[in-house]
Amino acid sequence: MSQTSDSCLDKWMGREALAEAMIPVIGRLYRENNVVTSIHGRSLINKSTMNILKAHRFARRMSNHELLLEETAPLLNALTELELGAAAIDIARLTEKYRAEGNGASLDEYLRSELAEIVGRRGADDRTSTDVVLYGFGRIGRLLARLLIEKAGGGHGLRLRAIVVRKGADNDLVKRASLLRRDSVHGSFEGTIRVDEEANTITANGVQIQVIYSDNPATVDYTAYGIKDALVVDNTGRWRDADGLSQHLQSKGVARVLLTAPGKGELKNIVHGINHRDINDDDKIVTAASCTTNAITPVLKAINDKFGIIHGHVETVHSFTNDQNLIDNFHKGDRRGRSAALNMVITETGAAKAVAKALPELQGKLTGNAIRVPTPDVSMAILNLNLENGTTREEVNDYLREMSLHSDLRKQIDYIDSPDVVSTDFVGSRRAGIVDGLATISNDKNLVLYVWYDNEFGYSCQVVRVMEEMAGVNPPSFPAKDVIAPIAVLETADA
C-alpha cells in the first residue's frame, strides 16, 4: 500500500532529525579525536543536514542495501565512546561489514574489535606535521589551498604555511584572498577569510598563510617565517625538468618538491593509486602527472588487468584552460591562438604516452589526441581499446562498478549509470575519473569507455594524495578490508 503524503513527510522529517543530530557528533570526532568520517569516500566533515541525507541516499548505488540513518547514527555515537586515536573511518563500509560479520556481537563489541588499533588513544596522532608551500596560486594552487585548509584538523599532517607569487598590484594581497574566497566554477569558500596587510597573511578557517612575493625559486628564505623541511608544490608549470625544479631546493627550509604537471626527463610521474608506492625518501622532486593521465590510468589498469589491452586510442574532450586565448590572438601553439570561448580546438595531448610512465605494461600501446571545448571545467576521455579477451557491456560495467567500490582504486575510479548526467554534474568530484556506464560500447574485443573527470578539483585531490604519500601523513583507515557484496540491481535515476 502506498504511503500517504503525511506519512512520507513525517518519515522525511524523522530522517532529517537524525541527520541534524549527527552533525555535532561528526564535528566532535574530528576536533577531539582527529577522526575523519566519510560515506564511501565522501567526507562528512562540515557538511549540512541535506548533504548528509544525500550521502546516505547516494550509498544505495554502492551496495545491495540502502544505508539507513537508523544504523549509522548509533554507530557514530558508539564511536564517540571509544576514545579513538586519529583515523579515517568510512561509516558506510563499516556498517556494511558489521551487518555481514557481526555474528550477534553488540555494536560496541564489534567496534572495539574492528578498531582495536586506535581504541583508547583519544586523539593520539602518530603522524608528524609537514609544512607545505604553494609556489603559484592559480586554478590548481587555490583548490589545493581549499583542500589543505579543509584537512587542517588538529594541525597534524599537511600544514599549509605559505604561498609564493609575483606581486601583481599594490592591492595584491586582497585580490589573492578574494580569488580564494570566490570561484566562478567551484563556488564560495566554505568558511571565513581574514587579511592582515601588515603581516602579509591570509587566515582561512584559522589556518594562517604567509604570502611571500618572489620571482626566483632559489632565493626565498622560508626559515625566516618559521617554515622548515617544507614540501614545495610548484603550480606554475614554468619548470618541468629536474634542473629547473631543483632551484626550489636551494632555498632555505625546503626539503622536497612536487610539480602539478607532467615532468620531463627521468622525473617520476606519479598517479596516486597506481605507482605512488614508487616514491621513496631519496626522491627530492616528484611530479603528479596531468589531470588526464590521472583520470585514465586507473581505468586503463583495471581493464588491462582483467581483459588485457592490445592497443588503444585516447581522445580527450577537454575544457579550455588559461593557456588559450579568449579571442583570436597570437599563440606559439598551433590552433590555441583561436578563441577558446567560441571554438572546438584540436590540439595535442601527452597523456597517452604519459600513462606508460606510471603503467609501463602499456608502453607503446596507446595513442592520443585532444579537443579543447568552450566549457570552463570538467572534461571527458574516450578510450577506444582493442582487448586480448572479449567481454560484454554488462560484464565490463559490473567489473568497473565493483572496482569503484571495493578495490584499491576506489579513490580514483567512480562509476555512474544515470541517463541524464552532463559535464556540470561532475564539478567537485574527488575521484580521478568517473566511468559513464550507460555510454559503454562493447563488441567482443573492441571496447569504448567514456570517462568524465573534473580536470581541476578531481586532479587537485589526486595531488593532495601524492603530497600525503610524500610526507608520510596518511592516518590509519577503517575498515581495513571490505565485505564484497554481490552486484546490486540499481535504479538509473539520480538521487
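# Reading calls off the model

Student: What makes Lys167 count as sitting over the ring of Tyr213?

Tutor: This is a predicted model, and the call rests on geometry. The charged end of Lys167 is 5.3 Å from the centre of the Tyr213 ring. The distance cut-off is 6 Å, and the charge must also be within 35 degrees of the ring normal. Lys167 is listed as sitting over the ring, so the pair passes the rule.

Student: Which ring face does Lys306 lie over?

Tutor: That of Tyr399, at 5.3 Å from the ring centre. This value also falls within the 6 Å limit.

Student: Why is the pair of Phe426 and Trp452 called stacked?

Tutor: Take the two values in turn. The centres are 5.1 Å apart, and the limit for a pair is 6.5 Å. The angle between the planes is 25 degrees. Planes under 30 degrees apart count as stacked. Both tests are met, so the pair is stacked. By this rule the model has four aromatic pairs.

Student: What does the pair of Phe426 and Trp452 tie together?

Tutor: Phe426 belongs to the loop between β17 and β18, and Trp452 to strand β19. The pair therefore links parts 26 residues apart in sequence.

Student: Are Phe426 and Trp452 buried or exposed, and how do you know?

Tutor: Buried means under 20% relative accessible area. Phe426 has 6%. Trp452 has 11%. Each value falls under the cut-off, so both residues count as buried.

Student: What else does Trp452 do in β19?

Tutor: Trp452 is the bridge partner of Ile434.

Student: How do you know that β18 and β19 pair?

Tutor: Pairing needs at least two bridges. Strand β18, residues 433–436, has two bridges to β19, in the antiparallel sense. That meets the minimum, so they pair. A hairpin of four residues joins β18 to β19.

Student: How many bridges join β16 to β19, and what is the sense?

Tutor: Nine bridges, with the strands antiparallel. Strand β16 covers residues 379–391, and β19 covers 441–453. One facing position is Asn386, opposite Asn446 in β19.

Student: What makes helix α10 largely enclosed?

Tutor: Count its buried residues. Six of the eight residues in α10 are buried, so the rest of the structure largely encloses the helix. The six are Ala351, Ala352, Ala354, Val355, Ala356 and Ala358. They pack against β11, α9 and β15.

Student: What makes a set of residues a nonpolar core?

Tutor: The members are buried nonpolar-core types, such as Leu, Ile and Met, joined through side-chain atoms within 4.5 Å. The largest such core has 77 residues. Those with the most contacts inside it include Leu134, Leu258, Leu400 and Met467. Helix α12, residues 457–471, gives this core its largest share, nine residues. A second, separate core has 34 residues, among them Ile26, Leu53, Leu111 and Phe478.

Student: Which residues does Leu400 touch?

Tutor: Ala302, Ile303, Ile413, Tyr415, Val435 and Leu449. Residues up to four places away in sequence are left out of that list.

Student: Why are β2 and β20 at the edges of the sheet?

Tutor: Each has a single partner strand, so one side of each has no neighbour in the sheet. The open sheet has four strands, in the order β2-β1-β3-β20, with mixed pairing. Strand β1, residues 35–39, is joined to β2 by two bridges and runs antiparallel to it. Ile39 has Arg42 as its bridge partner in β2.

Student: What is the order in the open sheet of nine strands?

Tutor: The order is β6-β7-β8-β5-β4-β9-β10-β12-β11, with mixed pairing. The edge strands are β6 and β11, each paired on one side only. Inside the sheet, β4 and β9 pair in the parallel sense over four bridges. Val132 has Leu231 as its bridge partner in β9.

Student: Why is the chain called as compact as a globular protein of that length?

Tutor: The radius of gyration is 23 Å, and the globule rule gives 23 Å for 495 residues. The two values are close, so the chain is as compact as a globular protein of that length. The chain holds twelve helices and 20 strands. Of its 495 residues, 52% count as buried.

How values were computed. Residues are numbered from 1 along each chain as its sequence is written. This is a predicted model: local features need pLDDT of at least 70, side-chain atom pairs count only at pLDDT 80 or more; totals for chains, interfaces and linings use all residues. Side-chain values use heavy atoms; hydrogens and water are left out. Buried means under 20% relative accessible area, exposed over 50%, partly exposed in between (1.4 Å probe, protein chains only). Contact means heavy atoms within 4.5 Å. Rings of Phe, Tyr and Trp (its six-membered ring) pair if their centres lie within 6.5 Å; planes under 30 degrees apart count as stacked, over 60 as edge-to-face and the rest as tilted. The radius of gyration is taken over C-alpha atoms; the globule rule is 2.2 Å times the number of residues to the power 0.38.
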